[in-house]
Amino acid sequence: MNSQVRESDPAVRALLIDINGTIFDHGIAIEGAREAVNLLRDRGYALRFLTNTESKTVEATLESLSACGLEVGREELFTPVVAARTLLEGFPSACVLSLMSDELRQCLAAAQPARESGPTHVVVGDCQEVLDYPLLNRAFRAVRAGAELIALQRGALYRTPEGEEFIDTGAIVAALEYGTGRTARLLGKPSSEYFGLAATSTGFAPEQTAVVGDDATTDSAGGNSIGATTIQVRTGKYAAQAAAGLARGAAHTVDSIADVPGLLERAA
């Protein structure tokens with residue numbers, strides 16, 4: 001990833017675009033979304049597509065997007081797993097204990113087998129396939145011994161399309177926080193670090209970046225926390241959040257992603 005930030009310019013040069021509810025809604029493309037993305041690319045904007053999903057590899061997510069009709073480059077996708085890998089690349093001697101599937105563990109380039117001195121970082125992601133008490137207790141002991149606890153997201157539960165509920169990553173993180181007395185470092189939405197790493201990966205400064213999303217509590221909040229321009233779309237979660245008085249805080253509100261190129265053109 002490009003970590004060199006270019007000289008600051010107040011104009012928007014890069015966009016961090018939420019996927020679910022902004023580009024797609026339940027796997028169906030928002031009307032005009034593909035055309036808007038293509039137009040933004042043609043105009044030279046650096047694009048990153050953001051998701052809080054940490055249960056899929058980058059390759060699996062790219063395949064899902066392609067199946068829905070959106071071709072995204074590997075470097076354009078930014079997930080909590082990508083954020084963790086980016087962060088850990090700054091610690092060449094990192095020794096990572098990962099609570100996640102073997103497939104996802106391989107995505108963390110900095111992860112190394114445990115040394116005699118023990119892990120330096122404990123990363124908690126989707127671990128339903130591997131979690132047992134010995135692994136949980138190993139993570140507990142590592143954090144108690146000084147390893148940094150990293151959470152890829154804080155969801156308490158998730159529901160399948162059929163309505164079945166499962167305990168989610170955030171609940172496991174909460175157990176480790178409670179047991180160790182340590183607070184996890186969050187690398188998913190709405191963490192300012194997550195949005196900051198995503199912005200830096202484009203090569204542009206946060207003030208040259210716009211965050212586009214349907215969720216005011218994650219997308220707009222995260223964008224505002226790094227000083228980016230925030231654009232709320234009235235698709236996805238917007239209606240429910242508006243009814244609850246939560247759809248506020250964005251610098252701009254438009255009907256959908258299809259309106260974003262025009263908004264940026266008028267602001268240029």
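When I say salt bridge this morning, I mean a side-chain nitrogen of Lys or Arg lying within 4 Å of a carboxyl oxygen of Asp or Glu. Please keep in mind throughout that what we are looking at is a predicted model.

Let me begin with Glu193 and Arg185, whose side chains meet in such a salt bridge, with 2.6 Å from N to O. Glu193 is partly exposed, at a relative accessible area of 23%, and Arg185 is also counted as partly exposed, at 25% relative accessibility. Salt bridges that share partners also occur in this model, and they join Asp18, Lys189 and Asp219 into one network. Counted by the rule I gave at the start, the salt bridges in this model come to eleven.

The next pair is Glu265 and Arg43, whose side chains form a salt bridge at 3.6 Å, again from N to O. This pair ties together distant parts of the chain, since the two residues are 222 residues apart: Glu265 belongs to helix α10, residues 260-267, while Arg43 sits in the loop between α1 (33-42) and β4 (46-50). How accessible are these two partners, Glu265 and Arg43? Glu265 has a relative accessible area of 51%, and because the cut-off for exposed is over 50%, Glu265 is classed as exposed. Arg43, at 37% relative accessibility, counts as partly exposed.

A third salt bridge joins the side chains of Glu59 and Arg74, with an N to O distance of 2.2 Å. Here too the pair links distant parts of the chain, although the separation is 15 residues, with Glu59 in helix α2 (residues 58-67) and Arg74 in the loop between α2 and β5 (77-78). Glu59 is partly exposed at 36% relative accessibility, and Arg74 is likewise partly exposed, at 43%. As general background to these pairs, side chains of opposite charge can pair when their charged atoms come close.

Let me finish away from the charged residues, with Val82, which is placed in helix α3, residues 80-88. Is Val82 buried or exposed? Its relative accessible area is 1%, and because buried means under 20%, Val82 is classed as buried. If you would like to find Val82 on the structure above, you can also look for Leu187, which lies 105 residues away from Val82 along the chain, with 9.3 Å separating the two C-alpha atoms.

Terms used
Residues numbered from 1 in each chain as written. Predicted model: local features only at pLDDT ≥ 70, side-chain atom pairs only at ≥ 80, totals over all residues. Heavy atoms only, no water. Helix = DSSP H or I, 4+ residues; strand = E, 2+ residues; numbered from the N terminus. Buried < 20%, exposed > 50% of the residue type's maximum accessible area, 1.4 Å probe, protein only.
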